[in-house]
Amino acid sequence: MAEKKGAKNEGLLYKGHPLRRIDNLIYYGSMADKYIIMMQVLDNKQEQDIKLATKVSIQLQLTEPENSRSRIVKKSEKDSLYAAMDVAAIWLDRALAGK
């Protein structure tokens, strides 16, 4: 894939927001914004030579909370990474739009 000259390598983007993975944690969004999504793969199964997530926890979090208890705004669990990403994209877009 060709890169534009002078373009900064932003890493992986999903629906216009950065996506970072650290082991079983996936962060969706930018720490420069008011909200970010944290997803944690809680369980997975082996399907031939691929690990598939079968239980994923999703949390909409404030990036600068007043205290650690007020950090989580919404949370849910889904049975696949695809379903979790779908919910995460909607939650993040709505939160950043102020809805």
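## Nonpolar core

A nonpolar core is a set of buried Ala, Val, Leu, Ile, Met, Phe, Trp, Tyr and Cys residues joined through side-chain atoms within 4.5 Å. In this predicted model, the largest such core has 18 residues. Tyr 28, Ile 37, Met 39, Ile 58 and Leu 60 have the most contacts inside it. Two or more residues each are given to this core by β3, β4, β5 and α1, the last spanning 81-97. The largest share, 8 residues, comes from α1. In soluble globular proteins, nonpolar side chains tend to be buried together.

Met 39 can be followed through its contacts outside its neighbours within four places in sequence. Among them are Leu 25, Ile 26 and Tyr 28, as well as Val 56, Ser 57 and Ile 58. Met 39 is also in contact with Ala 84, Met 85 and Ala 88. Ala 88 is placed in helix α1 and counts as buried, because its relative accessibility is 0% and the limit for buried is under 20%. With neighbours within four places set aside, Ala 88 is in contact with Tyr 28, Ile 37, Met 39 and Ile 58. The C-alpha atoms of Ala 88 and Tyr 28 are 7.7 Å apart, although the two residues are separated by 60 residues in sequence.

## Overall make-up

The protein chain has 99 residues, of which 27% count as buried. Its secondary structure consists of 1 helix and 6 strands, in the sequence order β-β-β-β-β-β-α.

The accessible surface of the chain is about 7,500 Å², and carbon and sulfur atoms account for 49% of that area. For contacts with a separation of 6 or more, 37% are between residues 24 or more positions apart.

## Strand pairing

Strand β3 (residues 25-28) and strand β4 (residues 35-47) run antiparallel and are joined by 4 bridges. One of the bridge pairs puts Ile 26 opposite Met 39 in β4. The two strands form a hairpin with 6 residues between them, and Gly 29 in the turn has a positive phi of about 120°.

Strands β4 and β5 are also antiparallel, with 12 bridges between them. Val 41 has Val 56 in β5 as its bridge partner. The hairpin of β4 and β5 has 2 residues between the strands, and Gln 48 takes a positive phi near 55° there.

## Salt bridges

How many salt bridges does a search of the whole structure find? The search returns 2. Side chains of opposite charge can pair when their charged atoms come close.

In one salt bridge, the side chains of Lys 45 and Glu 47 meet at 3.8 Å, N to O. Lys 45 is partly exposed, with a relative accessible area of 43%, and Glu 47 is partly exposed at 40%. Another salt bridge links Glu 77 with Lys 55, where the closest N and O atoms are 3.7 Å apart. Glu 77 lies in strand β6 (residues 72-78) and Lys 55 in strand β5 (residues 50-62), so this pair ties together parts that are 22 residues apart in sequence. Glu 77 is partly exposed, with a relative accessible area of 46%, and Lys 55 is partly exposed at 36%.

## Two buried polar residues

Is Gln 61 buried or exposed? Gln 61, found in strand β5, is buried, with a relative accessible area of 8%. The side chain of Gln 61 makes a polar contact of 2.7 Å with the side chain of Gln 59. Outside its neighbours within four places in sequence, Gln 61 is in contact with Lys 34, Tyr 35, Ile 36, Met 38, Arg 71 and Ile 72.

His 17 lies in strand β2, which covers residues 17-22. His 17 is buried, with a relative accessible area of 12%. Not counting residues up to four places away in sequence, His 17 touches Leu 12, Tyr 28, Gly 29, Leu 92, Asp 93 and Leu 96. His 17 and Leu 92 are 75 residues apart in sequence, and their C-alpha atoms are 9.1 Å apart in space. Tyr 28, one of the residues that His 17 touches, is also among those with the most contacts inside the largest nonpolar core.

Note on methods: Residues numbered from 1 in each chain as written. Predicted model: local features only at pLDDT ≥ 70, side-chain atom pairs only at ≥ 80, totals over all residues. Heavy atoms only, no water. Buried < 20%, exposed > 50% of the residue type's maximum accessible area, 1.4 Å probe, protein only. Contact = heavy atoms within 4.5 Å. Salt bridge = Lys/Arg side-chain N within 4 Å of Asp/Glu carboxyl O. Pairing = 2+ DSSP bridges. Polar contact = N/O pair within 3.5 Å; in protein donor to acceptor, adjacent residues only side chain to side chain. Areas by Shrake-Rupley, 256 points an atom, 1.4 Å probe, with all protein chains shown as cover.
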